[in-house]
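Good morning, and thank you for making time for this presentation. I shall ask you to keep the sequence and the structure in view while I speak.

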Amino acid sequence: MSSEQTIAEVSAEPGAAKPDPILVADGPRRSFGGLTAVDVDHLQVQRGTITALIGPNGAGKSTLFNVLTGFDRADSGSWAFEGGRINGLPGHQVAQRGMVRTFQLTKALTRLTVLENMLLAAPGQSGERFLGSFLRWRWARQEDSNRERAESLLERFRLAHMRDETAGSLSGGQRKLLEMARALMVRPSMVMLDEPMAGVNPVLVESLLEHISALRDEGTTVLFVEHDMDVIMGISDWIVVMAEGRVIAEGRPDDIRSNQVVIDAYLGAQHDEPPQGVESGAAEGIEEAR
């Protein structure tokens with residue numbers, strides 16, 4: 001049974017149990033002073049699907065990403081990936097377990113070449129260890145394998161012609177592609193993308209969407225934050241909606257289109273105008289979906 005078939009049977013409600021969750025979070029909470037940024041009771045992400053995490057600005061989406069991936073410390077809660085607890089682990093250990101994230105503002109090392117950025121992401125490089133550095137025959141063979149994978153990924157993401165250019169010379173969209181390609185160097189089972197389309201020109205948006213769909217088709221789970229409702233409705237298998245730090249709705253695209261709670265979260269009870277700070281495109285997308 002495919003992931004799309006199994007997700008079709010899930011109840012469209014906050015905290016819904018999934019048939020084969022790859023990520024399960026219970027009670028992650030994060031406050032900054034008197035402001036509660038994240039207060040999620042229960043969340044499961046179905047394996048092998050594209051799940052979108054949406055909500056107005058300030059809903060807590062990126063903070064939740066940071067907490068789950070070890071880039072921020074939660075005040076309470078626990079979460080497990082592939083059945084093993086990962087709360088409390090630093091980001092690099094979370095990545096080593098197969099859950100890798102990208103950032104809204106790309107983190108490319110601008111003075112290194114595109115290829116060097118890729119090679120730095122390769123896991124378990126024995127040549128980086130003191131004793132291993134003396135065993136050239138061992139790390140040289142591993143380095144050749146890493147280089148071959150990096151070249152293959154650059155080809156796949158249409159960046160091969162930029163391999164020897166510095167990452168700082170790439171456009172914003174090309175940096176997004178590089179960050180996604182670099183994330184795949186660790187062969188993750190789940191990729192978390194924080195606003196992958198932000199600041200990307202329309203030509204590269206189509207390319208990014210193709211790559212995200214291909215990841216799912218290859219069996220990789222994708223969880224992404226996005227504001228473009230056309231993108232969300234067109235590519236997602238499942239959508240999780242946050243507002244004021246909480247999960248207020250979950251469901252398939254058709255469920256979310258008709259969910260009054262979601263419409264209110266974006267537009268306010270009177271639907272007169274979007275709340276301050278909410279992207280007009282997202283608000284229009286929800287309104288049109290009514």
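Let me begin with a term: a salt bridge here is a side-chain nitrogen of Lys or Arg within 4 Å of a carboxyl oxygen of Asp or Glu. By that criterion K18 forms a salt bridge with E250, and the closest N and O atoms of the two are 2.9 Å apart. This pair links distant parts of the chain, since K18 is in the loop between α1 (3-7) and β1 (21-32) and E250 is in strand β11 (residues 246-251), 232 residues apart. Both K18 and E250 are buried.

I should say at once that we are looking at a predicted model. As an overview, the protein has 290 residues, and buried residues make up 50% of them. Its secondary structure comes to 11 helices and 11 strands. Among contacts with a separation of 6 or more, 66% are between residues 24 or more positions apart.

I return to the loop that holds K18. A16 is found in the loop between α1 and β1 as well. Is A16 buried or exposed? With a relative accessibility of 4%, A16 counts as buried. Setting aside neighbours within four places in sequence, the contacts of A16 are V10, S11, Q44, W238 and E250. E250, you will recall, is the salt-bridge partner of K18. A16 is also 9.5 Å from A249, C-alpha to C-alpha, although 233 residues separate the two in sequence.

How many salt bridges does the structure hold? There are 18 salt bridges in the structure, and I shall describe two further examples.

The first of these examples is D41 with R29, where the closest N and O atoms are 3.3 Å apart. D41 lies in the loop between β2 (35-39) and β3 (42-46), and R29 lies in strand β1, so this salt bridge ties together parts that are 12 residues apart in sequence. Why does D41 count as exposed? Exposed means over 50% relative accessible area, and D41 counts as exposed because its relative accessibility is 52%. R29, at 30% relative accessibility, counts as partly exposed.

The other example is R30 with D75, whose closest N and O atoms are 3.8 Å apart. Here too distant parts of the chain are linked: R30 belongs to strand β1, while D75 is in the loop between α2 and β5 (76-81), 45 residues apart. R30 counts as buried because its relative accessibility is 16%, whereas D75, at 48%, counts as partly exposed. I would add that R29, D39, D41 and R246 are joined into one network by salt bridges that share partners.

We come next to helix α2, which spans residues 61-68. How many of the eight residues of α2 are buried? Six of them are, and the helix is accordingly described as mostly covered. The buried residues are K61, T63, L64, F65, V67 and L68. After α2 comes G70, which has a positive phi, near 85°.

F65 of α2 leads us to strand β8, as F65 is one of the contacts of L193. L193 lies in strand β8, residues 190-194, and at 1% relative accessibility L193 counts as buried. Leaving aside neighbours within four places in sequence, L193 is in contact with F65, T102, M180, I212, V222, L223, F224 and V225. For I212, the C-alpha separation from L193 is 9.5 Å, with their positions 19 residues apart along the chain.

Lastly, I turn to a pair of helices. Two packed helices are described by the angle between their axes and the distance between the axes. Helix α6 (residues 172-183) and helix α7 (residues 202-217) pack at an angle of about 15°, and their axes are 10 Å apart. Angles under 35 degrees count as roughly parallel, and α6 and α7 are therefore roughly parallel to each other. Their crossing is left-handed. From α6, the contact is made by G173, Q174, K176, L177 and M180; from α7, by L204, S207, L208, H211, I212 and L215. These residues divide into six nonpolar, four polar and one charged. M180 and I212 both appear in this helix contact, and both are also among the contacts of L193 in the list I gave a moment ago.

Note on methods
Residues numbered from 1 in each chain as written. Predicted model: local features only at pLDDT ≥ 70, side-chain atom pairs only at ≥ 80, totals over all residues. Heavy atoms only, no water. Buried < 20%, exposed > 50% of the residue type's maximum accessible area, 1.4 Å probe, protein only. Helix = DSSP H or I, 4+ residues; strand = E, 2+ residues; numbered from the N terminus. Axes fitted to C-alpha atoms, helices over the stretch in contact; angles between N-to-C directions. Parallel < 35°, antiparallel > 145°, perpendicular 65-115°, else oblique. Left-handed = near helix turned anticlockwise from the far one by under 90°. Contact = heavy atoms within 4.5 Å. Nonpolar A, V, L, I, M, F, W, Y, C, P; charged D, E, K, R; others polar.
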